[in-house]
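Work through the exercises below with the sequence and the coordinates open. Try each task before reading its solution.

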Amino acid sequence: MTPTTTSNTQAFDTDVAIVGGGPVGTLLAILLGRQGKRVTLIERWSEAYGRPRAVTYDHEIARILATLDIDSENDPAINYHDELYYWKDTKGENLQIVDWQSTSASGWRVRYWFNQPDLEERLTRIADTYPTVEQLRGWNGVALAQDADGVTLTLQRNPREAGANGETRTLRARFVVGADGANSFVRESLGIENEDKGYFFDWLILDMIPKGPYEMKPAQWQLCDPKRPTTIVPAGPGRRRWEYMVMPGESGEELQKPESAWELLKPWGLTPQNAELERSAVYRFQARWAKVWHQGRCAIAGDAAHLMPPFAGEGMCAGVRDAFALGWRLNAILEGKMGIDVLESYTTERLEHAKHYINFSQELGKIICIADEQQAAERDVRMKAELAARNNEPVPTDICQLGQGAWCGDSAHAGELSVQGVVEAHGRRDRFDQAVGRGWVMIGLDVDPAAALTDAQREQLALLNGMTVKVGAPGTACDAVDVEGTYAKWLATIDAKYVLLRPDFYVAVTANSPEILQQRFDRVMSRLHLQNAAAEAVA
Ligand SMILES: Cc1cc2nc3c(=O)[nH]c(=O)nc-3n(C[C@H](O)[C@H](O)[C@H](O)COP(=O)(O)OP(=O)(O)OC[C@H]3O[C@@H](n4cnc5c(N)ncnc54)[C@H](O)[C@@H]3O)c2cc1C
């Protein structure tokens with residue numbers, strides 16, 4: 001889509017200024033840039049940060065990355081381990097088994113492994129391919145002031161970089177997004193408070209590059225040793241990660257020295273001769289969230305909005321979801337299709353969803369971080385009994401619903417990530433997102449979904465560039481062939497004939513008759529604050 005100019009465009013340097021060029025800010029820049037929006041991505045460091053942090057993401061993130069043509073299943077920089085995830089006691093007996101092996105209902109494996117700097121560099125390169133995305137590196141966001149029409153952002157050359165001369169500049173944007181990490185200046189400038197769970201644990205993170213083949217069995221596991229709780233996981237092709245709890249009374253500074261790190265690695269057969277210690281650093285794991293995530297024409301996303309201990313591997317995942325959720329809303333607002341009030345549902349939906357993972361990660365941490373021998377022994381007995389009671393069945397993938405927002409609460413599966421199956425469409429056999437496309441998608445199983453909507457509703461769907469797709473069994477007349485019967489099974493389970501998907505793959509509505517569909521469709525549309533005029537300058 002090509003941006004078009006209207007009378008007040010000249011007053012703005014950019015449509016969206018994003019402060020923070022980490023994974024979340026850069027992804028958002030791509031999502032807006034690929035729809036032709038003018039984006040300025042401001043990052044305080046000229047060079048990439050380059051420090052490994054996240055090593056794993058879940059199936060939903062794989063689904064999102066696939067929209068950027070990053071195929072987690074076949075990409076040389078990403079891998080998976082066809083194995084379960086184990087928690088073990090010091091005797092090597094299982095305390096917990098988690099299903100990190102299956103393919104999830106959303107069509108991708110439950111877990112993938114990667115190196116965060118590689119992904120960041122990749123996102124930066126993709127962002128560079130969009131002519132309307134400008135990346136300003138070496139600049140700090142230092143002040144912002146918003147009014148009814150836009151936001152004025154003050155930037156200063158990062159004083160911590162060579163050659164900085166105190167130079168400042170201002171930028172006028174229609175919207176500002178703070179994806180500027182845990183100490184977010186945007187969040188602070190907006191006066192948004194954090195809800196802090198008062199949770200702090202220090203952990204030593206060791207990122208290792210074995211010099212030859214290195215096999216760990218199991219590939220992904222947790223050693224619940226009260227003397228030293230330890231996480232042992234992959235970290236993408238050619239890498240492994242060890243995480244060690246800093247024990248009460250220990251000095252994190254001492255522990256992160258290379259000599260201490262190598263001492264800790266000895267039992268695992270790693271030495272300076274056979275492996276490179278890429279990085280040794282102590283991180284403080286915290287649990288907190290910002291109380292609101294938008295204010296007027298400003299929003300926050302990623303670590304600026306939430307922090308969680310990495311026990312569930314969900315921190316960056318939550319930020320990626322934020323970027324996706326903001327992306328479709330900001331695109332539609334800038335196209336004059338939705339009113340700014342649609343940002344209300346960004347806060348309400350995403351905040352509850354992130355809280356779920358923060359609480360979940362904290363609960364995992366409470367079990368993992370037990371340093372008292374007696375408490376650990378009690379935990380082990382209890383967990384083994386629970387595992388035996390379920391015949392050692394692995395815990396399935398967690399399903400989490402959005403907080404209330406732009407979806408219809410009384411339809412089954414709404415507010416949850418949609419199921420995705422393999423279909424045949426447009427001469428291609430692939431996952432639905434790749435074979436058919438995405439956006440606002442109205443699916444009808446064995447029925448034409450367009451026929452179930454009123455004229456006005458079809459117009460609304462067209463305004464949103466939505467599409468209708470009749471899914472059917474092989475050999476029937478339809479737009480997409482349900483080659484593995486995934487849609488037939490899913491819709492039978494929730495007693496539905498129709499499903500409305502949102503651009504972030506969440507289910508907006510399900511219904512089993514045109515009448516119910518029409519009522520529920522109207523309810524969701526009213527929450528999108530649809531507008532008819534191109535009020536925001538990009539047609
Ligand atoms: C040890 C560890 C392990 C982790 N493991 C996982 C995992 O396995 N899976 C997972 O999903 N998550 C994991 N995480 C979390 C994940 O790394 C973060 O959630 C993710 O990096 C957040 O991305 P972000 O873009 O929101 O913020 P950041 O990555 O912090 O990026 C923010 C950017 O903003 C820039 N910036 C800040 N202030 C300004 C300013 N005023 N002006 C301009 N630029 C500014 C910074 O330089 C930075 O580049 C882990 C974290 C840690 C510490």
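**Exercise 1. The largest cavity**

How much space lies in the largest cavity? Then find its lining residues and sort them by class.

Solution.
- Keep in mind that this is a predicted model.
- Start with the count. The structure holds three cavities of 30 Å³ or more.
- Take the volume next. The largest cavity has about 60 Å³ of space.
- List the lining. Its residues are Glu60, Ile64, Arg321, Phe324, Ala325, Glu349, Arg350, Leu402, Arg502, Asp504 and Tyr506.
- Assign elements. H2, H7 and H8 each give at least two residues to this lining. H7 has the largest share, with three residues.
- Sort by class. The lining of the largest cavity has five nonpolar residues, six charged ones and no polar ones.

**Exercise 2. The second largest pocket**

Which elements supply at least two residues each to the lining of the second largest pocket? Give the volume and the class split as well.

Solution.
- Volume: about 850 Å³ of space lies in the second largest pocket.
- Lining: 43 residues surround this pocket. Nearest its centre lie Val110, Pro396, Thr397, Asp398 and Ile399.
- Elements: at least two lining residues each come from helix H2 (59-66), strand S4 (85-88), strand S5 (94-98), helix H8 (343-368) and helix H9 (373-389).
- Largest share: H8 supplies six residues.
- Classes: the lining of the second largest pocket splits into 21 nonpolar, ten polar and twelve charged residues.

**Exercise 3. Helix H1 against H7**

At what angle do the axes of helix H1 (residues 23-33) and helix H7 (residues 315-334) cross? Classify the pair, then list the contact.

Solution.
- Recall the two descriptors. A pair of packed helices is described by the angle and the distance between the axes.
- Read them off. The axes of H1 and H7 come within 9 Å and cross at roughly 25 degrees.
- Classify. Angles under 35 degrees count as roughly parallel, so H1 is roughly parallel to H7.
- Add the hand. H1 passes H7 in a right-handed crossing.
- List the contact. H1 brings Pro23, Val24, Leu27, Leu28, Leu31 and Leu32. H7 brings Met316, Gly319, Val320, Ala323, Phe324, Leu326, Gly327, Leu330 and Asn331.
- Sort the contact of H1 with H7. Twelve residues are nonpolar, three are polar and none is charged.

**Exercise 4. Helix H1 against H3**

Is the crossing of H1 and H3 left-handed or right-handed? Set out the geometry before you decide.

Solution.
- Geometry: the axes of H1 and helix H3 (residues 116-128) come within 9 Å, crossing at roughly 25 degrees.
- Class: H1 is therefore roughly parallel to H3.
- Hand: the crossing of H1 and H3 is left-handed.
- Contact: Pro23, Thr26 and Ile30 of H1 meet Gln116, Glu120, Leu123, Thr124, Ile126 and Ala127 of H3.
- Split: the contact of H1 with H3 has five nonpolar, three polar and one charged residue.

**Exercise 5. Helix H11 against H13**

Which residues of H11 and H13 meet? Begin with the axes.

Solution.
- Axes: helix H11 (residues 455-463) and helix H13 (residues 514-527) have axes that come within 11 Å and cross at roughly 40 degrees.
- Class: this crossing makes H11 oblique to H13.
- Hand: H11 and H13 cross in a left-handed way.
- Contact: Gln457, Gln460 and Leu461 of H11 meet Gln518, Phe521, Asp522 and Met525 of H13.
- Split: the contact of H11 with H13 has three nonpolar, three polar and one charged residue.

**Exercise 6. Backbone checks**

Which residues does a cis peptide bond join? Which residue other than glycine has a positive phi?

Solution.
- Set the baseline. Most residues other than glycine have a negative phi, and most peptide bonds are trans.
- Check omega. The cis bond joins Lys217 and Pro218, with omega about -5 degrees.
- Place the proline. Pro218 is in the loop between strand S11 (194-210) and strand S12 (221-223).
- Check phi. Asp69 has a positive phi, near 65 degrees.
- Place the aspartate. Asp69 is in the loop between H2 and S4.

Definitions and conventions
Residues numbered from 1 in each chain as written. Predicted model: local features only at pLDDT ≥ 70, side-chain atom pairs only at ≥ 80, totals over all residues. Heavy atoms only, no water. Axes fitted to C-alpha atoms, helices over the stretch in contact; angles between N-to-C directions. Helix = DSSP H or I, 4+ residues; strand = E, 2+ residues; numbered from the N terminus. Parallel < 35°, antiparallel > 145°, perpendicular 65-115°, else oblique. Left-handed = near helix turned anticlockwise from the far one by under 90°. Contact = heavy atoms within 4.5 Å. Nonpolar A, V, L, I, M, F, W, Y, C, P; charged D, E, K, R; others polar. 1 Å grid on protein atoms, 1.4 Å probe; cavity = no way out; pocket = protein on both sides within 12 Å on 5 of 7 lines; lining within 4 Å. Points joined across faces, edges and corners; volume = space filled by probe spheres on them.
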